[in-house]
Amino acid sequence: MSKLFLRLWKKGLFAFLVLLVLAPLVFSMESYAGQDEPPIKKDKTTALTQSLLHNPNFDNGIWYEFNKRYQAAYPTGVWLPAGNTYDDPQDWRLWFVNGTAIIDAQANATYRQSNPESVEMWPFDYSASTRMVAGLYQAVPGVTPCRSYKFQMYAYSRQEEASDSLNALRVGIEQTGWHPDSAVDPAVHSWPSTMVWGEPKKYTGGFGPLEVTATALSNKIAVFSYADALGGASHKIHWDTTSLVAVARTENLIDASQPLPAPSGVIQNLSRTVDQVSNSAVVSWNTSVNAYGQLLYRVKGAGSWQYSAIRPWGTSHQVNLTGLQAGATYEYVAVAYGYVGGACKSLVSNVDEFNMGTPLSGVNITGNEDIQGVGYLGQSYTFTANASPSNATEPIDYVWQASDQSQVTHPDSGTQDSVTFSWNTIGVKQIKVTVSNVANSVEATYVIDIIGDEYEPDDTCSQAKAISVDGVSQARTFHSNADVDWVYFDGTAGAAYFVEALTPPGSDADVSLAVYDACPPGAPVTSQAYTYTLDARLPFTATETGRFYLRLQQDPSTPGTAMAYNLSVRILPQQAAPGALVLVAGKLYDDDPLQSNIYHAADAAYQMFKNQGYDDEDIYYLTPDAHLDADARSTHANLFWAISEWAADRLASQPNSSFTLYMVDHGGYDTFYLDGTLSDELATVSPSDLDAWLTDLEASVPGVQVNVIVEACQSGSFIDLQETLSAEGRVVIASTGAQQPAWATKDGVLFSDHFVTAINQGMNLYTGFQQAASAVEIAQPAQTPWLDDDGDGWPNETGDGETAAGRDFISVETLGALKWPPYIVSAGLDDIVAGQGVITAEVRDDGGAAQVWAVVYPPEYEPPALSGDGVGELVLESAFFVTLTHQGGNLYSGEYDGFSTLQLGSDRVVIYAMDDDGMMGRPLSIGEKRYVYLPLVLKH
């Protein structure tokens with residue numbers, strides 16, 4: 001009987017015998033489906049991604065099996081997916097653990113449901129004591145390596161005899177696509193280490209779900225169902241409805257208890273934004289390949305890393321950290337898990353850190369000791385903010401806002417900061433400071449009542465107030481159109497004096513000036529009231545020793561409410577004072593489009609000193625190439641020699657003489673470019689270099705008066721305290737702040753154009769600085785010139801300017817006829833239609849305006865940021881230039897067709913004028929656009 005059985009087995013006839021033997025049992029099983037409580041399928045999921053699995057529902061009478069026990073080839077008519085091979089199966093196939101019962105399977109269509117088929121499996125030998133460990137599997141190509149996948153399948157153990165029992169149902173994922181070789185042997189001899197099984201279940205009352213999640217370790221995985229059952233042919237295992245989908249990973253990407261691997265370039269652009277108010281932070285990064293992301297973070301030095309939630313698969317990752325500890329420093333590292341170099345790897349970034357900061361508890365503002373809550377028109381007042389606590393986390397930023405003033409921002413100023421304001425209108429003014437660090441912000445306010453200038457009453461000759469003759473300005477104000485101010489000084493017979501009454505930007509003052517030699521006054525000694533200027537500049541020589549009276553009056557025909565002016569008197573020397581000038585025109589790179597502007601500014605300074613009596617022997621001119629009367633090339637070594645050797649020798653026999661260093665080019669922080677095309681040791685000069693050379697010069701020339709003018713981006717860094725040129729007795733002028741750009745103009749450079757114009761008018765260094773700074777403020781509010789002459793390295797303080805006011809280059813013999821720059825009286829825009837309009841200006845001059853033009857800034861214009869490479873190039877204006885042509889009289893106009901049509905009237909227009917003498921008039925700005933002012937005053 002056993003031999004016959006084996007023969008039948010080999011001939012493939014055993015299945016037929018089984019059907020004959022078990023026919024009653026099969027019939028009884030099918031009749032079960034008609035009972036009142038059939039074993040129904042519980043809630044199931046459908047295949048979410050049909051492309052990942054073939055026939056996920058086993059429906060429509062089709063599923064795929066292959067069993068080498070039956071025959072060597074697939075039965076005729078059995079459908080298989082196109083391209084299916086034994087080595088790369090994509091169909092459902094049988095497997096069993098070697099040594100357990102050989103199994104058989106078929107589709108089952110006996111349940112009363114839509115698409116009801118399941119796959120039914122049972123032991124082939126029908127022995128009630130035989131253990132079956134078997135199931136179905138399918139190899140799935142085309143998955144994404146390193147992604148997590150969830151495999152779900154429904155199963156049901158149908159036990160019909162007491163001897164039937166179930167140990168476990170479960171499903172698994174083989175992470176590399178390994179599977180039994182069904183073409184040769186469907187038995188599993190051992191499972192690889194990359195086999196991941198789900199939790200075992202027992203479902204005996206109906207279908208229940210099984211699931212497992214694992215990570216693909218290649219571009220193919222294999223999914224398995226698993227049944228461990230004991231019983232004969234009466235015990236059935238049913239499999240149905242599967243799903244394989246990519247899911248979010250839940251397992252940490254790295255074991256942070258172990259040393260972290262070396263940082264990888266796969267993780268890029270790591271950045272964070274910290275919000276100390278909510279004790280939170282947002283950390284972002286990118287990966288060069290698709291990957292999962294996770295963040296490790298901890299309080300620095302506090303032990304174990306904390307894990308963030310895992311970020312979804314992709315190249316952009318962001319983690320929000322909340323509940324962080326105020327005042328703590330956190331370190332963090334980004335982790336990526338992805339397919340790199342042919343394998344799934346956990347990669348990390350460099351460790352970075354951020355500080356949650358010690359918050360600010362408060363701030364208070366104090367004013368000058370002489371304020372006492374009251375101030376005067378035109379006077380400068382310094383306000384100091386003191387933030388607490390003293391250990392508040394730095395950097396600490398200050399934003400000052402005051403009535404009738406532009407906003408002033410001082411970044412990174414420690415726990416103390418100061419600002420200086422002056423007002424041209426009377427009334428109560430509020431000063432508000434907002435102080436911020438990484439943790440929070442605090443505010444304080446201060447109130448000052450501006451009641452008029454401090455020299456009132458001075459409306460009559462008998463009420464005249466004194467003024468010194470040292471060139472230091474008095475800030476004064478006319479209180480009405482008919483207001484008169486009287487001032488006196490004591491003069492010496494034969495001495496030449498220069499009286500200047502100059503109007504600051506925004507002032508409506510239009511000054512007329514008369515000088516008298518007695519009080520009550522008789523006929524004036526001399527007077528001035530020109531229509532082509534708002535200012536008064538009047539030289540005269542005292543015919544006798546005695547008191548002289550100045551009568552200043554607002555032009556009654558010029559209305560206004562803010563009529564401030566700055567008055568100064570100084571003695572003019574009879575002859576030009578001895579001195580030496582080292583003049584530097586630099587270069588950053590070849591073919592620089594602004595090189596001609598740099599030469600224009602340097603040449604103008606050269607001619608200015610020639611006008612003041614300097615001979616070629618008094619000037620040492622350094623340029624990067626053959627230009628004009630250049631003495632040598634602009635190099636580090638040549639500049640050292642010019643200061644340390646040439647100037648020292650030139651001034652050796654001239655005690656108390658003047659030495660001026662004037663430099664024009666591009667710059668960076670603590671860097672001036674002499675010639676960027678040269679090697680590093682020749683290309684630049686730093687504040688510390690110049691300070692050492694000037695210190696030696698001061699030691700070798702007794703009483704030498706050193707003046708330094710640096711025209712370059714970030715030139716204020718030559719004043720601030722990191723490296724500084726500031727020293728007692730030196731006047732240091734920078735065309736812009738330490739962290740600000742400097743602008744070029746149409747032909748020259750903005751600050752120098754106006755500074756040279758002022759000095760050519762005979763102004764001293766301080767007044768010239770004020771005039772140039774006021775012009776820059778109008779044209780480019782994002783550029784703030786700096787001056788320090790008290791040696792403390794803090795610019796534009798109250799008190800700065802006293803030394804500079806006593807230094808000039810003018811003398812009686814070089815004064816000549818007074819020169820006046822153009823005066824832009826007014827400007828306007830004619831009606832703008834479809835972006836087209838006409839820009840008009842009234843420009844007056846003592847001779848004639850050679851050029852009048854406008855620069856138009858659209859509403860979206862923003863000042864350029866400094867480059868991140870440490871080089872600050874002079875700004876080549878990107879706005880639009882419009883030439884205004886002479887229309888007769890004092891009128892000029894020009895058409896422009898690019899006005900904004902979305903925000904009518906919001907274009908900002910700046911009018912410029914230059915006369916035949918090359919003198920630049922103070923620009924006039926019209927339009928709505930305003931900018932944030934960067935530091936006017938920096939002080940701890």
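In what order do the three strands of the open sheet lie, and is the pairing parallel or antiparallel? Select β40, β41 and β42: they form an open sheet in the order β40-β41-β42, and the pairing is antiparallel. A word before we go on: this is a predicted model.

**Stop 1: the small sheet**

Colour β40 (667-668) and β42 at the edges of this sheet. Each of these two has a single partner strand, so one side of each is left without a neighbour in the sheet. Now look at β41 (residues 671-673), which pairs with β42 in the antiparallel sense over two bridges. To see how the two strands line up, show Tyr-673, which stands opposite Thr-684 in β42.

**Stop 2: helix α4**

Keep β42 on screen and add helix α4, residues 636-651. β42 (684-685) is among the elements that the buried residues of α4 pack against. The others to select are β36 (579-585), β37 (619-623), β39 (658-664), α5 (680-683) and α6 (687-700).

Which residues of α4 are buried? Show His-636, Leu-639, Ala-642, Ile-643, Ser-644, Trp-646, Ala-647, Ala-648 and Leu-651. Then centre on Ala-642, where the helix bends by about 35°. From its first C-alpha to its last, α4 reaches 21 Å with its 16 residues, close to the 22 Å expected at 1.5 Å a residue.

**Stop 3: the largest nonpolar core**

Nonpolar side chains tend to be buried together in soluble globular proteins. Here, the largest nonpolar core has 53 residues. Start with the residues that have the most contacts inside this core: Tyr-662, Ile-733, Phe-751, Phe-755 and Tyr-912. Next, add helix α3 (residues 595-611), which gives the core its largest share, eight residues.

Now zoom in on Phe-751. What is Phe-751 in contact with, leaving aside its neighbours within four places in sequence? Select Ile-709, Glu-711, Ile-733, Ser-735, Phe-769, Ala-772, Ala-773, Val-776, Gln-783 and Pro-785.

Another core, of 37 residues, lies apart from the largest one. To find this second core, select Leu-52, Leu-169, Ile-173 and Trp-239, which are among its residues.

**Stop 4: strand β52**

Go back to Tyr-912 and select the strand that holds it, β52 (residues 908-915). The strand is mostly covered, with eight of its eight residues buried. In a regular strand, side chains alternate between the two faces of the sheet. In β52, Arg-908, Val-910, Tyr-912 and Met-914 point one way. Val-909, Ile-911, Ala-913 and Asp-915 point the other way, and they too are buried.

Now bring in the partners of β52:

- Strand β48 (residues 849-857) pairs with β52 in the antiparallel sense over eight bridges.
- Strand β53 (residues 924-926) pairs with β52 in the antiparallel sense over three bridges.

Ile-911 is a handy residue to centre on here. Its bridge partner in β53 is Leu-924, and Ile-911 is also the β52 bridge partner of Ala-854.

**Stop 5: the disulfides**

How many disulfides does a search of the whole structure find? There are two, and with the bonded cysteines numbered in sequence order the pairing is 1-2, 3-4.

Begin with Cys-146 and Cys-344, whose sulfur atoms are 2.1 Å apart. The dihedral about the S-S bond is -105°, and the link is left-handed. This pair links distant parts of the chain, 198 residues apart: Cys-146 is in the loop between β4 (131-141) and β5 (148-158), and Cys-344 is in strand β17 (residues 343-348). Cys-146 counts as buried because its relative accessibility is 0%.

Then move to Cys-461 and Cys-519, joined with an S to S distance of 1.9 Å. Cys-461 lies in the loop between β26 (441-450) and β27 (465-466), and Cys-519 in the loop between β31 (511-516) and β32 (526-528), so the pair ties together parts that are 58 residues apart in sequence. Are the two cysteines buried or exposed? Cys-461, at 9% relative accessibility, counts as buried, whereas Cys-519, at 33%, counts as partly exposed.

**Stop 6: Arg-570**

Finish in strand β35 (residues 563-572), where Arg-570 is found. At 3% relative accessibility, Arg-570 counts as buried. To see its surroundings, show its contacts beyond four places in sequence, including Asp-470, Tyr-497, Phe-498, Glu-500, Met-763, Asn-764 and Asp-808.

Methods:
Residues are numbered from 1 along each chain as its sequence is written. This is a predicted model: local features need pLDDT of at least 70, side-chain atom pairs count only at pLDDT 80 or more; totals for chains, interfaces and linings use all residues. Side-chain values use heavy atoms; hydrogens and water are left out. A nonpolar core is a set of buried Ala, Val, Leu, Ile, Met, Phe, Trp, Tyr and Cys residues joined through side-chain atoms within 4.5 Å. Buried means under 20% relative accessible area, exposed over 50%, partly exposed in between (1.4 Å probe, protein chains only). Helices (H or I, at least four residues) and strands (E, at least two) are DSSP runs, numbered from the N terminus. Contact means heavy atoms within 4.5 Å. Two strands pair if DSSP finds at least two bridges between them. A disulfide is a pair of cysteine sulfur atoms within 2.5 Å. The expected span of a helix is 1.5 Å times one less than its number of residues. The bend at a residue is the angle between axes fitted to the seven residues ending there and the seven starting there.
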